[in-house]
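User: I'm new to reading protein models and would like a close look at one part. Please walk me through how the helices pack against each other, pair by pair.

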Amino acid sequence: MTTLLHIDSSARSGRSGSDPYGSHTRRLSQRFVERWLEQDPETKIIYRDVGMQPPAPVTGSWIHAAFTPPAKREPWMHEVLAESDALIDELLQADVIVAGVPMYNFGPPAQFKAYIDNIVRVGRTFGFDRGRPGDPYWPLLADAGKKLVILSSRGDHGYGEGERIAAINHVEPSLRTAFGYMGIRESFGAAIEYDEFGDERLAQSIARAEADVDGLVLRLAPQREAAAA
């Protein structure tokens with residue numbers, strides 16, 4: 001059975017198209033999950049809303065605990081790492097991670113950055129050995145076959161690869177870097193643009209992004225068997 005980890009990170013609680021001032025990324029991520037279940041109804045869905053319930057930011061105590069070998073951790077260290085452990089456990093279960101991540105000031109929301117900081121963790125998602133020849137760091141999820149789907153939105157336009165302001169898009173590139181560091185290197189995506197314009201260009205961009213989402217599902221989801229004649 002496939003397990004899909006559905007993450008939303010928008011500060012907006014609703015979805016565009018159905019709620020006033022709703023989130024475009026919540027709209028896309030929900031569409032992705034709904035279309036996926038049409039193809040594979042047996043999929044297990046794990047939902048995490050870091051936009052409404054942000055993970056605690058990393059602290060000095062967190063770093064101390066994370067870099068202490070598990071056998072030597074004191075009780076307070078396990079408490080400090082409990083949320084991180086829960087987030088990583090969800091990630092480890094998932095075959096597909098679909099993340100709704102809007103662009104805030106050229107990068108992901110702080111809520112999602114806090115999520116990344118909690119899951120990129122020594123001993124759980126990447127290894128570290130200062131005495132290891134060559135690179136002392138290595139990914140621990142490289143052979144897990146996980147796929148990442150990034151569903152984004154931005155106010156301006158031209159942030160796509162090779163387009164006019166791609167160089168200042170730090171959403172997809174930063175996510176691919178972080179997840180790739182853990183070994184999740186197969187990524188896909190779709191994005192809505194022109195949000196700040198609010199005209200026909202926005203409507204067309206939404207339609208394109210929704211079509212891209214539908215195409216990704218058909219590409220990635222196990223296909224339902226045709227009904228017997």
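Analyst: Here is a tour of three helix pairs.

A word on the model before we start. It is a predicted one, in which local features need pLDDT of at least 70 and side-chain atom pairs count only at pLDDT 80 or more, while totals for chains, interfaces and linings use all residues. Residues are numbered from 1 along each chain as its sequence is written, and side-chain values use heavy atoms, with hydrogens and water left out.

Let's begin with α4 and α5. Helix α4 spans residues 82-93 and helix α5 spans residues 110-119 (helices are DSSP runs of H or I, at least four residues, numbered from the N terminus). Their axes lie 8 Å apart, and the packing angle is about 85 degrees (axes are lines fitted to C-alpha atoms over the stretch in contact, and angles run from 0 to 180 degrees between N-to-C directions). So α4 and α5 are roughly perpendicular to each other (65 to 115 degrees; under 35 is roughly parallel, over 145 roughly antiparallel and the rest oblique). On the α4 side, S84, L87, I88 and L91 take part, and they meet Y115, N118 and I119 of α5 (contact means heavy atoms within 4.5 Å). By class, this contact has five nonpolar residues, two polar and no charged (Ala, Val, Leu, Ile, Met, Phe, Trp, Tyr, Cys and Pro count as nonpolar, Asp, Glu, Lys and Arg as charged, and the others, Gly among them, as polar).

Stay with α5 for a moment, and turn to its packing with α6. The angle between α5 and α6 is about 15 degrees, with axes 11 Å apart. These two helices are therefore roughly parallel to each other. Helix α5 passes α6 in a left-handed crossing (the near helix is turned anticlockwise from the far one by less than a right angle; clockwise would be right-handed). From α5 come F112, Y115, I116 and I119, while α6 brings L175, A178, F179 and M182. The residues here are eight nonpolar, no polar and no charged. You may recognise Y115 and I119 on the α5 side, as both of them also belong to the contact with α4.

The third pair takes us to α1, which covers residues 24-39, and α7. What angle do α1 and α7 pack at? It is about 30 degrees, and their axes are 9 Å apart. Here the crossing is right-handed. On α1, the residues in contact are H24, R27, L28, R31, F32, R35, W36 and Q39. Across from them, α7 offers L202, I206, A209, E210, V213, D214, L216, V217, L218 and L220. Sorted by class, the contact of α1 with α7 has eleven nonpolar, two polar and five charged residues.

To recap with the charged residues, the contact of α1 with α7 has five, whereas those of α4 with α5 and α5 with α6 have none.
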